[in-house]
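Hi everyone, thanks for coming. Today I'd like to walk you through a structure that may be new to you, so let's bring it up on the screen.

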Amino acid sequence: MIGQLLQYLAAVAVLGGAVFGLLAAIGIVRLPDLYMRLHAASKAGAVGAGLILIAVALISTDGAVVLRATLGLIFLLLSTPVAAHLLARAAYKAGELPIVTTTIEEIDGQP
Amino acid sequence: MIDGAEVLRWAADAAIALLLLAMLLVLVRLARGPNLGDRIMALDTLTTLAVGLIGALTVRTGLTLYLDIAIAIALVGFLSTVALARYLLARVLKGESQ
């Protein structure tokens, strides 16, 4: 009975993770500049892969597999923000500016 | 009451389809992305989605050996993103010194 429940939970986690991954991809295609795209990719993408790893940990009966899935999840959650930060910093130093609609210019009226 | 394994198999199949669609969308950005930064980001997202895809395959097939491959891909993806970001930064610094 508890195995059935874990399987249902894992099904929800797998589907949720895939939906988060798809949302990250849609954000990457549709958002207007690099910094917004990084925002979608680094947060939604990491949550998507992390939820799927949680599902693997939920259905496995082997302790080593649970440990490996948890370690993968922790590594993913630690490394993705670092990579996104480095990439945003490098792109900003390379002269990539945010699009003009993200700044407010109230004196001239034109953004 | 539907069998849990049946639901799980269906969910894993749907997840694999959704993740493949997501990887196709990211490939659009990889081909189109105006600058180098966009392409590095697209590659990074591709590796993250590949980790998710391998996890979904693990759930679908029950072969937990795939999990090691997922962890290795996560490591390589992080290192390659850091290396490419350093490359982008080094290119800028080299341009300034000239």
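Before anything else, one definition: I call two residues in contact if their C-beta atoms, placed from the backbone, lie within 7 Å. Please also keep in mind that this is a predicted model.

With that in hand, how many residues does each chain bring to the contact? Chain A brings 48 residues and chain B brings 44 residues. On the side of chain A that touches chain B, H1, helix H2 (34-59) and helix H3 (63-93) of chain A each supply at least two residues. The biggest giver there is H1(A), with 17 residues. If you sort that side of chain A by class, you get 33 nonpolar, ten polar and five charged residues.

Now let me step back to chain A by itself. Its secondary structure comes to three helices and zero strands, and along the sequence the pattern reads α-α-α. The radius of gyration of chain A is 19 Å, well over the 13 Å that the globule rule gives for 111 residues, so chain A is more spread out than a compact globule. Along the principal axes, its C-alpha atoms fill a box of roughly 65 × 25 × 20 Å. Of the 111 residues in chain A, 44% are buried. And if we take contacts in chain A between residues at least 6 apart in sequence, 63% of them join residues at least 24 apart.

Let's go back to where the chains meet, and look at the helices in pairs. At what angle do helix H1 (residues 2-30) of chain A and helix H1 (residues 4-32) of chain B pack? The angle is about 10°, and the axes are 8 Å apart. Angles under 35 degrees count as roughly parallel, so H1(A) is roughly parallel to H1(B). The residues of this contact divide into 27 nonpolar, five polar and one charged.

The second pair is H3(A) with H2(B). These two pack at an angle of about 170°, with their axes 10 Å apart, which makes H3(A) roughly antiparallel to H2(B). If you'd like to find the spot on screen, look in H3(A) for Leu76(A), Thr80(A), Ala83(A), Leu87(A) and Ala91(A). They meet Gly37(B), Ile40(B), Met41(B), Asp44(B), Thr48(B) and Val51(B) in H2(B). By class, that contact has seven nonpolar residues, three polar and one charged.

Let me stay with H3(A) for a moment. At 1.5 Å a residue, its 31 residues should span 45 Å, and its end C-alpha atoms are indeed 45 Å apart. Its buried residues include Leu76(A), Thr80(A), Ala83(A), Leu87(A) and Ala91(A). Leu71(A) is also found in helix H3 of chain A, but is Leu71(A) buried or partly exposed? It is partly exposed, because it has 13 other C-beta atoms within 10 Å, and a residue needs 20 or more to be buried. After H3(A) comes Gly95(A), with a positive phi near 95°.

Its partner, H2(B), covers residues 36-61 of chain B. At 1.5 Å a residue, its 26 residues should span 38 Å, and its end C-alpha atoms are 37 Å apart, which agrees. H2(B) is mostly covered, with 19 of its 26 residues buried. Just after H2(B), Gly62(B) takes a positive phi of about 80°.

That's my tour, and I'm happy to take questions.

Definitions and conventions:
Residues numbered from 1 in each chain as written. Chains lettered and ligands numbered in written order. Predicted model: local features only at pLDDT ≥ 70, side-chain atom pairs only at ≥ 80, totals over all residues. Axes fitted to C-alpha atoms, helices over the stretch in contact; angles between N-to-C directions. Helix = DSSP H or I, 4+ residues; strand = E, 2+ residues; numbered from the N terminus. Parallel < 35°, antiparallel > 145°, perpendicular 65-115°, else oblique. Nonpolar A, V, L, I, M, F, W, Y, C, P; charged D, E, K, R; others polar. Expected span 1.5 Å × (residues − 1). Buried ≥ 20, exposed ≤ 12 C-beta atoms within 10 Å, placed from the backbone. Rg over C-alpha atoms; globule rule 2.2 N^0.38 Å.
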